[in-house]
Amino acid sequence: MQSTINSSSITALLGAFGEEVKLIEATLQDADIVDLNGHRFVTGTLGQQRVVVTLTGIGKVNAAMTTAFVIAHFRPQRIIFTGIAGGVRSDLQPGDLVIGGEVGFHDVRSVTLTMEPTRQSMHPVSYELNPLYFTADLSLLALAEQTANTLEFDSIPGTDRPPLVTVGRILTGDEFIHSAQRAADLRNEYGADAIEMEGAAVAQVCYQQAIPCIVIRSLSDRADSHAVIDLLAFLSTAARNSARLVTAMMGG
């Protein structure tokens with residue numbers, strides 16, 4: 001039986017880029033715009049689910065800030081973050097989707113209070129170390145996988161190959177990766193499947209606030225020297241596929 005979401009609760013749908021957010025907004029029923037702290041939030045329903053949709057912008061600080069606004073004002077029971085990413089696994093192509101079974105940072109380098117090196121982020125009040133990787137909420141993960149198996153996604157431009165949907169490890173950092181060597185290093189060091197600039201920041205806020213969360217990324221490039229060119233070529237397809245999965249998860 002497919003996992004479902006309680007229709008009486010509210011789900012926050014966040015995206016880093018405007019294209020996928022606009023696609024999700026276009027599917028809303030009874031849409032209403034809320035301006036809060038200089039940010040635009042759109043509430044409404046998707047299928048039978050109450051949702052709030054917003055654009056986080058690019059980067060970890062923007063993503064964490066917007067997530068905090070959403071939590072404080074709308075009190076969502078779960079958060080789904082979507083958008084584009086660079087693929088660093090050899091069998092993944094632009095247009096494929098990676099559901100974040102776990103997400104973490106690749107640019108955190110710190111020490112514990114006993115001066116032990118660590119890559120873990122830290123709780124701002126208790127100073128307790130967060131997990132190295134934030135795991136997806138199991139119910140949301142099951143729902144994402146089951147929903148993906150029912151959908152027909154846009155084919156990868158220039159090919160007849162349908163997108164591959166896989167559960168994997170997504171890494172976050174305040175760095176747009178556009179070097180094949182740098183991408184390979186991240187793959188080899190961390191076992192990354194995709195890299196981006198927001199997901200783990202959203203997941204950290206959700207973890208610290210005990211809110212179920214999942215990150216879903218549609219690949220726009222391979223994080224190599226052609227990353228910008230590929231991003232422009234595949235952005236529309238990637239945005240449509242990620243938005244299609246998220247709206248279908250809501251029953252839309």
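The legends below walk through several close-up views of this predicted model.

**View 1. Strand β3 and its two antiparallel neighbours, β2 and β4.**
Let us start with strand β3, which spans residues 39-46 and has seven of its eight residues buried. On one side, strand β2 (residues 29-36) runs antiparallel to β3, and six bridges join the two. Within this pairing, D35 has R40 as its bridge partner, and L36 is matched with H39. On the other side, strand β4 (residues 49-55) is also antiparallel to β3 and is paired with it over six bridges. Here L46 stands opposite Q49 of β4.

**View 2. The turns of the two hairpins, with N37 and G47.**
Two residues lie between β2 and β3 in their hairpin, where N37 takes a positive phi near 55 degrees. The hairpin of β3 and β4 likewise has two residues between its strands. In that turn, G47 shows a positive phi of about 65 degrees.

**View 3. The tilted ring pair of F41 and F74.**
How many aromatic pairs does a search of the whole structure find? The search gives three. One of them brings together F41 and F74, with ring centres 5.4 Å apart and planes at 50 degrees, so the pair counts as tilted. F41 belongs to strand β3 and F74 to helix α2 (residues 60-74), so to speak of distant parts of the chain is fair: 33 residues separate them. Are these two rings' residues buried or exposed? F41 is buried, at a relative accessible area of 0%, and F74 is buried as well, at 13%.

**View 4. The edge-to-face pair of F105 and F134.**
The ring centres of F105 and F134 lie 6.4 Å apart with their planes at 90 degrees, so this pair is edge-to-face. F105 sits in strand β6 (residues 97-105) and F134 in strand β9 (residues 134-135), so the contact ties together parts that are 29 residues apart in sequence. F105 counts as buried, with 6% relative accessibility, and F134 counts as buried with 5%. Look for Y207 too: ring pairs link F105, F134 and Y207 into a cluster.

**View 5. A salt bridge between strands, from R169 to E102.**
Side chains of opposite charge can pair when their charged atoms come close. The structure holds 13 salt bridges, and one of them is formed by the side chains of R169 and E102, at 2.5 Å from N to O. R169 lies in strand β10 (residues 165-172) and E102 in strand β6, so the bridge ties together parts that are 67 residues apart in sequence. R169 is partly exposed, with a relative accessible area of 22%.

**View 6. Two further salt bridges, one with exposed partners and one with buried partners.**
R109 and E189 meet through their side chains in a salt bridge of 3.7 Å, N to O. This pair links distant parts of the chain, 80 residues apart: R109 is in the loop between β6 and β7, and E189 is in helix α4 (residues 180-190). Both R109 and E189 are exposed.
E196 forms a salt bridge with R217, and their closest N and O atoms are 2.9 Å apart. E196 is in strand β11 (residues 194-196) and R217 in strand β12 (residues 213-221), 21 residues apart. Both E196 and R217 are buried.
Elsewhere, R89, D91, R187 and D193 are linked in a network of salt bridges.

**View 7. Two loop residues with positive phi, R75 and Y127.**
Most residues other than glycine have a negative phi. R75 is not a glycine, yet its phi is positive, at about 50 degrees. Find R75 in the loop between α2 and β5, where it is exposed with a relative accessible area of 56%. Y127 also has a positive phi, near 65 degrees. The loop between β8 and β9 holds Y127, which is exposed at 51% relative accessible area.

**View 8. Helix α6, with its bend at F234.**
Helix α6 covers residues 227-249 and includes V228. Together with F176 and L232, V228 makes a nonpolar surface patch of about 300 Å². Further along, α6 bends by about 55 degrees at F234. After the helix comes G251, with a positive phi near 85 degrees.

Note on methods: Residues numbered from 1 in each chain as written. Predicted model: local features only at pLDDT ≥ 70, side-chain atom pairs only at ≥ 80, totals over all residues. Heavy atoms only, no water. Patch = residues over 30% accessible without salt bridge, like charges linked within 9 Å, V, L, I, M, F, W, Y side chains within 5 Å. Areas by Shrake-Rupley, 256 points an atom, 1.4 Å probe, with all protein chains shown as cover. Salt bridge = Lys/Arg side-chain N within 4 Å of Asp/Glu carboxyl O. Helix = DSSP H or I, 4+ residues; strand = E, 2+ residues; numbered from the N terminus. Buried < 20%, exposed > 50% of the residue type's maximum accessible area, 1.4 Å probe, protein only. Pairing = 2+ DSSP bridges. Bend = angle between axes of the 7 residues up to and from the residue. Phe/Tyr/Trp six-rings, centres within 6.5 Å; stacked < 30°, edge-to-face > 60°.
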